[in-house]
Amino acid sequence: MKKHQWFKQAVVVGMCTTIGLSTLMATGAGTAPVAAASVTASTGQSIVNFGKKYLGTRYQFGASTSTTRYFDCSSFTKYIFAKYGVNLPRTSVAQSKVGKAVSKSNLRVGDLVFFSSGSRANGKNVTHVAVYAGNGKILHTYGSPGVTVSDLNSGNWKRTYLKARRVL
């Protein structure tokens with residue numbers, strides 16, 4: 001009979017503990033608030049990770065936003081940000097006007113970076129957009145090889161960098 005009483009008592013204690021912990025979890029009592037910076041940082045990383053699934057997808061200037069068979073730079077950023085609830089305008093010029101300005105030295109993963117490059121460039125006009133992927137890298141699409149990761153701080157991208165915007 002003692003074993004049976006001990007078992008009943010253990011079940012009651014277990015149920016009370018479960019109910020108590022469930023209440024704490026449901027109300028958020030006893031938990032630290034999540035910092036907004038970590039939420040946006042993780043969203044930025046999620047956007048980059050999602051975009052990397054399209055590495056090698058071919059480039060087509062003026063690509064439709066209704067396909068993932070090919071992208072141009074701004075249809076690519078519009079598509080990958082939309083997956084996370086951020087509605088960007090269609091063109092790189094329009095995208096360069098949303099969010100808030102951020103310096104190159106303060107870039108965070110998920111920031112949009114803008115360039116004046118290619119045959120339409122004059123050194124001042126936005127002609128290309130990419131997503132900052134961290135560690136000096138950008139995720140974007142242009143010509144061949146299509147969606148790719150490039151080094152922001154070398155070659156053409158270093159020379160033609162214009163500005164960055166934070167939309168998260």
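Trainee: How many of the 10 residues of α3 are buried?

Mentor: This is a predicted model, in which local features need pLDDT of at least 70, side-chain atom pairs count only at pLDDT 80 or more, and totals for chains, interfaces and linings use all residues. Residues are numbered from 1 along each chain as its sequence is written, and side-chain values use heavy atoms, leaving out hydrogens and water. Helices (H or I, at least four residues) and strands (E, at least two) are DSSP runs numbered from the N terminus, while buried means under 20% relative accessible area, exposed over 50% and partly exposed in between, with a 1.4 Å probe and protein chains only. Helix α3 is mostly covered, and the number of its 10 residues that are buried is seven.

Trainee: Which element gives the largest share of the largest nonpolar core?

Mentor: A nonpolar core is a set of buried Ala, Val, Leu, Ile, Met, Phe, Trp, Tyr and Cys residues joined through side-chain atoms within 4.5 Å. The largest one has 20 residues, of which Phe76, Ile80, Phe81 and Leu112 touch the most other members. Two or more residues come from each of α2 (36-52), α3 (73-82), β4 (112-115) and β5 (128-134). With four residues, the largest share of this core comes from α3.

Trainee: How many residues are in the other core, which includes Val102 and Leu107?

Mentor: Let us start from Phe81, which is buried in α3. Contact means heavy atoms within 4.5 Å, and, leaving aside neighbours within four places in sequence, Phe81 is in contact with Ile47, Val86, Leu88, Gly110, Leu112, Val131, Val167 and Leu168. Apart from the largest core lies another, with Val102, Leu107, Val113 and Ile138 among its members, and its number of residues is 11.

Trainee: In β5, which residue is the bridge partner of Phe115?

Mentor: Two strands pair if DSSP finds at least two bridges between them, and β4 and β5 run antiparallel, joined by four bridges. Strand β5 is mostly covered, with seven of its seven residues buried. The partner in β5 that forms a bridge with Phe115 is His128.

Trainee: Which residue takes a positive phi in the hairpin of β5 and β6?

Mentor: These two strands pair in the antiparallel sense over three bridges, and Gly134 has its bridge partner in β6, namely Lys137. The hairpin has two residues between the strands, and the residue with a positive phi near 50° is Asn135.

Trainee: Is Thr141 buried or exposed?

Mentor: Thr141 sits in strand β6 (residues 137-142). Not counting residues up to four places away in sequence, Thr141 touches nine-residue surroundings that include Tyr59, Phe71, Phe76 and His128. Because its relative accessible area is 0%, Thr141 is buried.

Trainee: What kind of pair do the rings of Phe50 and Tyr84 form?

Mentor: Rings of Phe, Tyr and Trp (its six-membered ring) pair if their centres lie within 6.5 Å, and planes under 30 degrees apart count as stacked, over 60 as edge-to-face and the rest as tilted. The whole structure holds 10 aromatic pairs. With the centres of Phe50 and Tyr84 6.3 Å apart and their planes at 75°, this pair is edge-to-face.

Trainee: How many residues apart in sequence are the parts that Phe50 and Tyr84 tie together?

Mentor: Phe50 counts as buried because its relative accessibility is 8%, whereas Tyr84, at 35%, counts as partly exposed. Phe50 lies in helix α2 and Tyr84 in the loop between α3 and α4 (92-95), so the separation in sequence of the parts tied together is 34 residues.
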